[in-house]
Amino acid sequence: ATANPGDDDGEIVDEQGRAGSVPIPHLRLLSNSQISQGTNAQLVFLSLNPSISSKFRLTNLYSSFLQIIDLYVVFAVFTALIQVLYMAIVGSFPFNSFLSGVLSCTGTAVLAVCLRIQVNKENKEFKDLPPERAFADFVLCNLVLHLVIMNFLG
């Protein structure tokens with residue numbers, strides 16, 4: 001059985017040209033337009049349950065920009081945890097350095113979460129705030145944060 005190239009409904013065509021449904025429940029074939037729009041993991045997810053896939057396509061909960069911000073927050077928190085583990089293993093002789101590093105990572109993560117809240121289209125509270133302004137606020141606050149941290153280092 002082969003896929004019918006013009007159909008988007010997930011039907012398959014057997015050797016005699018008869019159309020039929022997909023024999024496996026909740027599994028459907030994806031059209032070429034759907035394949036070009038998603039990654040392999042998204043394709044598997046979308047093909048498993050049609051009701052979830054239609055909701056996923058309509059709402060598109062995470063834009064790529066929000067995903068980048070999320071990864072940045074995870075990286076900042078992970079870096080802070082690595083510094084805490086290093087201090088626990090090696091010691092905290094230059095305590096100002098340790099404190100500056102952890103506060104820098106934590107402050108950056110908090111500012112990134114604030115940026116994510118401001119640029120999220122589903123958040124009605126900041127709907128009049130342009131994303132460029134939110135990003136400028138993020139950069140300015142990061143600059144002030146790191147100037148304070150550099151001053152704390154001595």
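Me: Here, buried means under 20% relative accessible area, exposed means over 50%, and partly exposed is in between (1.4 Å probe, protein chains only). What makes phenylalanine 95 partly exposed?

Reply: Phenylalanine 95 has a relative accessible area of 42%, which lies between the two limits, so partly exposed is the right label. Please keep in mind that this is a predicted model, where local features need pLDDT of at least 70 and side-chain atom pairs count only at pLDDT 80 or more, while totals for chains, interfaces and linings use all residues. Residues are numbered from 1 along each chain as its sequence is written, and side-chain values use heavy atoms, with hydrogens and water left out.

Me: How much of the chain is buried, and which elements does the chain have?

Reply: Buried residues account for 23% of the 154 residues. The chain has 6 helices and 3 strands, and from the N terminus on they run β-β-β-α-α-α-α-α-α. Both kinds of element are DSSP runs numbered from the N terminus: helices are H or I with at least four residues, strands are E with at least two.

Me: How many aromatic pairs are there, and what makes tyrosine 72 and phenylalanine 138 one of them?

Reply: The structure holds 3 aromatic pairs. The ring centres of tyrosine 72 and phenylalanine 138 are 6.3 Å apart, with 85° between the planes. Rings of Phe, Tyr and Trp (its six-membered ring) pair if their centres lie within 6.5 Å, and planes under 30 degrees apart count as stacked, over 60 as edge-to-face and the rest as tilted. The distance therefore makes them a pair, and the angle makes that pair edge-to-face.

Me: Where along the chain do these two rings lie, and are they buried or exposed, or something in between?

Reply: Tyrosine 72 is in helix 4 (residues 64–90) and phenylalanine 138 is in helix 6 (residues 131–153), so this pair, 66 residues apart, links distant parts of the chain. Tyrosine 72 is partly exposed at 36% relative accessibility, whereas phenylalanine 138, at 12%, is buried. Ring pairs also join Tyr72, Phe135 and Phe138 into a cluster.

Me: Why is the pair of phenylalanine 95 and phenylalanine 98 called tilted?

Reply: Their ring centres are 5.8 Å apart and their planes stand at 45°, so the pair falls in the tilted class. The two residues are 3 apart in helix 5 (residues 95–119), about one helical turn. Phenylalanine 98 counts as buried because its relative accessibility is 17%.

Me: How do you know that helix 5 is roughly antiparallel to helix 6?

Reply: Their axes are 10 Å apart and pack at an angle of about 170°. Axes are lines fitted to C-alpha atoms, for helices over the stretch in contact, and angles run from 0 to 180 degrees between N-to-C directions. Angles under 35 degrees count as roughly parallel, over 145 as roughly antiparallel, 65 to 115 as roughly perpendicular and the rest as oblique. That is why helix 5 is roughly antiparallel to helix 6. The residues of this contact include 15 nonpolar, 9 polar and no charged ones.

Me: What makes helix 4 and helix 5 roughly antiparallel?

Reply: Their axes come within 9 Å and cross at roughly 165°, and these two helices are therefore roughly antiparallel as well. Helix 4 passes helix 5 in a left-handed crossing. The contact of helix 4 with helix 5 is made up of 18 nonpolar, 5 polar and 2 charged residues.

Me: Why is serine 104 called buried, and which residues does it touch?

Reply: Serine 104 lies in helix 5, and because its relative accessibility is 14%, it counts as buried. Leaving aside residues up to four places away in sequence, serine 104 touches Leu145, His146 and Ile149, where contact means heavy atoms within 4.5 Å.

Me: What makes phenylalanine 78 and methionine 150 exposed?

Reply: Phenylalanine 78, found in helix 4, has 51% relative accessibility and so counts as exposed. Methionine 150, in helix 6, reaches 56% and so counts as exposed too. The C-alpha atoms of phenylalanine 78 and cysteine 105 are separated by 8.7 Å, with their positions 27 residues apart along the chain.

Terms used
Ala, Val, Leu, Ile, Met, Phe, Trp, Tyr, Cys and Pro count as nonpolar, Asp, Glu, Lys and Arg as charged, and the others, Gly among them, as polar. A crossing is left-handed if the near helix is turned anticlockwise from the far one by less than a right angle, and right-handed if clockwise.
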